[in-house]
Every structure is written in C-alpha cells, then in structure tokens.
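Let's walk through this structure together, one stop at a time. Keep the view open and turn it as you read.

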Amino acid sequence: MKRILMMVLRNILMVPYGWIRLCYRAAHVDKYSEENMYEFLTWIDLRANRGGNVHIDVHGIENLPEKDGFIFFPNHQGLYDVLAVIEACPRPFSVVAKKEVGEIPFLKQVFACMRAFLIDREDVRQAMQVIVDVAKEVKKGRNYLIFAEGTRSKNGNQVGSFKGGSFKSAAKAQCPIVPVALIDSFKPFDTNTIKPVTVQVHFMEPLLYEEYKDMKTTEIAALVQKRIQEKIDKNSR
C-alpha cells in the first residue's frame with residue numbers, strides 16, 4: 001500500500017524506535033496501565049497520520065458518556081478504521097475483532113497493547129465466551145469497539161447489514177451503545193492513492209440501556225445501522 005509506505009518513509013527516523021517500543025509493550029502489557037498504553041498508541045497514530053497525509057475530522061466528542069463502561073459501534077469500511085477512532089477518541093478503549101485481522105503485522109501489536117478480544121468465527125463456543133468476557137469487562141468500566149457488520153463494507157460510505165449478535169455484549173452489560181459514523185475511512189488503506197484525505201469520525205448520541213432494554217438485538221442493530229447511515233448521508237461529500 002502506497003500510503004503505508006509513505007507513513008514509514010516520512011517517519012523513518014522514528015520507525016525503528018517506535019516499532020521496538022510497540023513490540024515490547026505488546027509482549028509486556030501487564031507492565032502498563034490502560035491510560036499509559038493508550039497514550040503511547042495515540043502518539044504512534046498521530047505520527048503515522050501526519051506522515052500519510054491523513055486528517056481526522058472529529059465531531060460529537062460531547063456525546064461520549066460521562067462514565068466509562070460503554071461500547072462503540074461504528075460502520076466498518078477498512079483496515080484503517082480503528083486507527084481513525086484512536087486519534088479521534090480521548091478515552092481509552094479496546095476492540096473486538098476477527099482473528100484474521102489480529103495476524104496482520106502492526107495491527108497485531110496494536111491489538112495486543114489494547115488487550116483486544118479476537119473472535120474465531122468458526123468456533124461458536126469461543127465467540128460466545130468473548131461476548132460474556134466483553135460484558136464483564138464493560139461492567140468493570142472498560143470501553144470497547146465492535147464492528148457490527150462483521151466484515152468490511154465494499155461499498156465505501158454505504159453501510160452494510162448490522163448483525164444482531166454483535167449487540168449481545170452491550171445487552172448483557174446493560175451499557176450505553178455509542179454509534180460511530182465513519183466517512184471515507186476506506187480511503188487511506190483501501191485505495192491506491194497517496195493524495196491527502198480527510199476521514200470524518202462522528203460520535204453520535206448514545207443509546208442508553210433504558211431505551212433498548214425491551215428491544216431484540218436485531219432491532220437494536222437495525223436502529224443503530226439506520227442512524228449511522230443517516231449521519232453519513234448527511235455529511236458525506
């Protein structure tokens with residue numbers, strides 16, 4: 001990918017130092033607090049974005065819940081999505097991702113630092129255990145990000161179908177659901193260009209447990225998908 005190469009070349013003096021620190025932290029996550037680790041990841045993310053001509057246009061920070069213990073549900077456009085949210089969000093969060101993504105160099109180390117959960121979609125028992133474990137973590141005050149589409153959309157700013165099962169952790173934790181609309185997040189890594197690009201991140205008004213407790217997870221999924229698509233349609237160029 002041309003943009004990744006540009007990110008590396010423009011940070012060539014920092015890359016060896018940053019890579020060694022990232023790998024060390026990924027192998028020794030228990031030595032660092034979540035806040036310290038997130039601050040480090042943000043430091044790497046900012047430099048990568050500047051080197052790669054990627055600007056993050058953030059909206060709706062005021063919509064983040066006052067207390068930690070919530071789950072982000074963004075649309076899923078590409079490999080860059082998590083990096084966009086890291087720069088946009090001032091609060092630490094972790095990720096639930098499919099096992100295959102967790103084997104990609106750099107993302108593998110980032111997810112290790114975030115103590116992410118990786119789902120094996122062919123192992124139903126393991127996937128169910130992840131749902132339970134994430135709910136427990138959220139109840140303790142950790143924040144998570146889950147891609148409810150399950151896989152990257154191939155249609156740019158057109159949102160794919162949100163899966164009801166993705167919302168089971170939120171329902172078990174009885175936590176706020178924060179829809180996140182990503183616009184043009186596919187462009188940095190999923191297009192063959194190095195032209196400057198702006199990625200919009202819209203943190204939307206949370207859906208509180210009192211609002212969705214009587215809804216089926218499929219209904220929650222449809223509602224969140226609808227709100228995100230409407231936000232994208234309103235703001236995409």
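Which residue forms a salt bridge with Glu34, and how far apart are the closest N and O atoms? The partner is Arg142, and those closest atoms are 2.7 Å apart. Please keep in mind that we are looking at a predicted model. Glu34 belongs to helix α3, which covers residues 34-51, while Arg142 sits in the loop between α6 (124-139) and β5 (144-146). The two parts are 108 residues apart in sequence, so this pair ties together stretches of the chain that the sequence alone would keep well separated.

How open are the two ends of this bridge? Glu34 has 27% relative accessibility and therefore counts as partly exposed. Arg142 has a relative accessible area of 14%, so this residue is buried, the limit being under 20%. The pair also has company: Glu137 joins Glu34 and Arg142 in a network of salt bridges.

Next, the other salt bridges. The count for the model comes to seven. One of them brings together the side chains of Lys226 and Glu230, with an N to O distance of 2.7 Å. Here the setting is a single helix, α10 (residues 217-235), in which the two residues are four apart, about one turn of the helix. Glu230 is partly exposed, at 44% relative accessibility. Another bridge joins the side chains of Asp184 and Lys187, and its N to O distance is 3.6 Å. On the acidic side of this pair, Asp184 is buried, with a relative accessible area of 10%; on the basic side, Lys187 is partly exposed at 30%.

Now for the backbone. Most residues other than glycine have a negative phi, which makes the next two stops worth a look. Arg115 is not a glycine, yet its phi is positive, about 55°. You will find Arg115 in the loop between α5 and β4 (117-119), where its relative accessibility of 39% makes it partly exposed.

Gln174 is the second stop, again a residue other than glycine with a positive phi, near 55°. Its place is in the loop between α7 (168-173) and β6 (177-183), and with 47% relative accessibility Gln174 counts as partly exposed. What does Gln174 touch once its neighbours within four places in sequence are left aside? The answer is Tyr209 and Tyr212, both in contact with Gln174. You can also compare the position of Gln174 with that of Lys139, 35 residues away along the chain: their C-alpha atoms are separated by 8.1 Å.

Finally, turn to the surface. Which residues form a negative surface patch? They are Glu100, Glu103, Glu122 and Asp123. Of this group, Glu100 can be placed in the loop between β3 (94-98) and α5 (107-113). Its relative accessible area is 44%, so Glu100 is partly exposed, and that value lies over the 30% a residue needs to be part of a patch.

Terms used
Residues are numbered from 1 along each chain as its sequence is written. This is a predicted model: local features need pLDDT of at least 70, side-chain atom pairs count only at pLDDT 80 or more; totals for chains, interfaces and linings use all residues. Side-chain values use heavy atoms; hydrogens and water are left out. Patches are made of residues with over 30% relative accessible area and no salt bridge: like charges are joined within 9 Å, nonpolar side chains (Val, Leu, Ile, Met, Phe, Trp, Tyr) within 5 Å. Accessible areas come from the Shrake-Rupley method with a 1.4 Å probe; for residues, only the protein chains shown count as cover. A salt bridge is a side-chain nitrogen of Lys or Arg within 4 Å of a carboxyl oxygen of Asp or Glu. Lys and Arg count as positive and Asp and Glu as negative; His and the chain ends are not counted. The place of a charge is taken as NZ of Lys, CZ of Arg, CG of Asp or CD of Glu. Buried means under 20% relative accessible area, exposed over 50%, partly exposed in between (1.4 Å probe, protein chains only). Contact means heavy atoms within 4.5 Å.
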